[in-house]
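Reader: Hey, I've just opened this one and I'm new to it. Could you walk me through it?

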Amino acid sequence: MIVVGGEALIDLVPAARPPGALLPRPGGGPYNTALALGRLGAEAAFCSRVSADGFGESLLSGLRAAGVDLSLVQRGPEPTTLAVPSLAPDGSASYGFYVEGTADRLFTLPPALPVGVRALALGTCSLVLEPGASAYEALLRRESRRGLLTLLDPNIRPALIADPAGYRARFRERLLPYTSVLKLSEEDAAWLGGGVGDWLAAGPSAVVLTRGAAGLTVWTQDGGECSVPARRVRVVDTIGAGDTVNAALLHRLAGTAASPRDAVDSRVADSRAVDWPDVLAYAAHASALTCSRAGAEPPYAAEL
């Protein structure tokens, strides 16, 4: 099983350009990652706190339909977080958020994850909004120490980060040392500062950079580097594309190795044991299909 921790929210997606009506769509980086894993055929579980309101019920229904395990989901009476994406002419999205007093930020550290969990993924708003952010950080540290493959996607939302310097320090000093695979976009990289060498030195065994139409690149602790091109599609929007990359990476890494963390961790085994061209090409294909649809609609295994 692959566990994904973090927020589930509602994206209010413009129905047309120029924007008119806003259509509610399930969203949140971790939610989209869990949904994509389920659709790709992975055994996945979602670990979060979800509202008991109508939006929360709808979010969980979507995960159930994808076969995602919900036994780690906490429930609360607080409202669901709302995100309002603004779409640029190229389909890229920026976001505004309604997060005060919402359910997902009140997440608490769960007991030990079930036997058989092979990987843990965290990211996006859940790394920022307290008190939940500290609980997710504790979860990352605990599960990394017991040998799980961990994937971190910072998926920076500047509007939510009141103390950029403090967040950058937390990322570098308290999150990266417990991360096996760091996946980030060019925009994330520019905001965080530093570079691949700095990030690898802080702990991860592999750094995967998404570069939009230019494709994906990975760098590994043993000096390896691999790039693949993007799949050409007609882009409707990019909502959920990076989350689909997370799911595809995890599905390939955790599903093909006897010990997924060892497979990517050059401190334990040569990271060249991973077929990175295959892993990245699979992620590029999956994310391209997501970009061809409105909102976060990751593909099913049969479509790949």
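Author: Sure, we can talk through charged pairs, a helix and the nonpolar cores. Keep in mind that this is a predicted model.

Reader: Okay, charged pairs then. How many salt bridges are there in the whole structure?

Author: A search of the whole structure turns up 14 salt bridges.

Reader: Which residue does E297 pair with?

Author: E297 meets R39 through their side chains, with 3.0 Å from N to O.

Reader: And what parts does that pair tie together?

Author: R39 sits in helix α1 (residues 29-40) and E297 in the segment after α9 (276-291), so the salt bridge joins parts that are 258 residues apart in sequence.

Reader: Nice. Is R39 buried or exposed?

Author: R39 counts as buried, at 14% relative accessibility. Its partner E297 is partly exposed, at 28%.

Reader: What about E100, buried or exposed?

Author: E100 is exposed, with a relative accessible area of 68%. Its side chain forms a salt bridge with R105, at 3.9 Å from N to O. R105 is on the buried side of the cut-off, because its relative accessible area is 16% and buried means under 20%.

Reader: How far apart are the closest N and O atoms of E143 and R146?

Author: They are 2.3 Å apart, in another salt bridge. E143 is buried at 0% relative accessibility, while R146 is partly exposed at 44%.

Reader: Which residues are linked in a network of salt bridges?

Author: That network links E130, E137, R141, R170 and R174.

Reader: Switching topic: you mentioned α9. How many residues does it have?

Author: α9 has 16 residues. From first C-alpha to last, α9 reaches 22 Å, close to the 22 Å expected at 1.5 Å a residue.

Reader: How many of the residues in α9 are buried?

Author: 13 of the 16 are buried, so α9 is mostly covered.

Reader: Last topic, the cores. Which residues touch the most other members in the largest nonpolar core?

Author: Those are F46, L63, W276 and L280, in a core of 49 residues.

Reader: What is L280 in contact with, leaving aside its neighbours within four places in sequence?

Author: L280 contacts V208, L216, T217, V218, C226, V228 and L249. Apart from the largest core lies another one, of 47 residues, including L120, A135, L140 and V207.

Reader: Why would nonpolar side chains be together like that?

Author: As a general tendency, nonpolar side chains in soluble globular proteins tend to be buried together.

Terms used:
Residues are numbered from 1 along each chain as its sequence is written. This is a predicted model: local features need pLDDT of at least 70, side-chain atom pairs count only at pLDDT 80 or more; totals for chains, interfaces and linings use all residues. Side-chain values use heavy atoms; hydrogens and water are left out. A salt bridge is a side-chain nitrogen of Lys or Arg within 4 Å of a carboxyl oxygen of Asp or Glu. Helices (H or I, at least four residues) and strands (E, at least two) are DSSP runs, numbered from the N terminus. Buried means under 20% relative accessible area, exposed over 50%, partly exposed in between (1.4 Å probe, protein chains only). The expected span of a helix is 1.5 Å times one less than its number of residues. A nonpolar core is a set of buried Ala, Val, Leu, Ile, Met, Phe, Trp, Tyr and Cys residues joined through side-chain atoms within 4.5 Å. Contact means heavy atoms within 4.5 Å.
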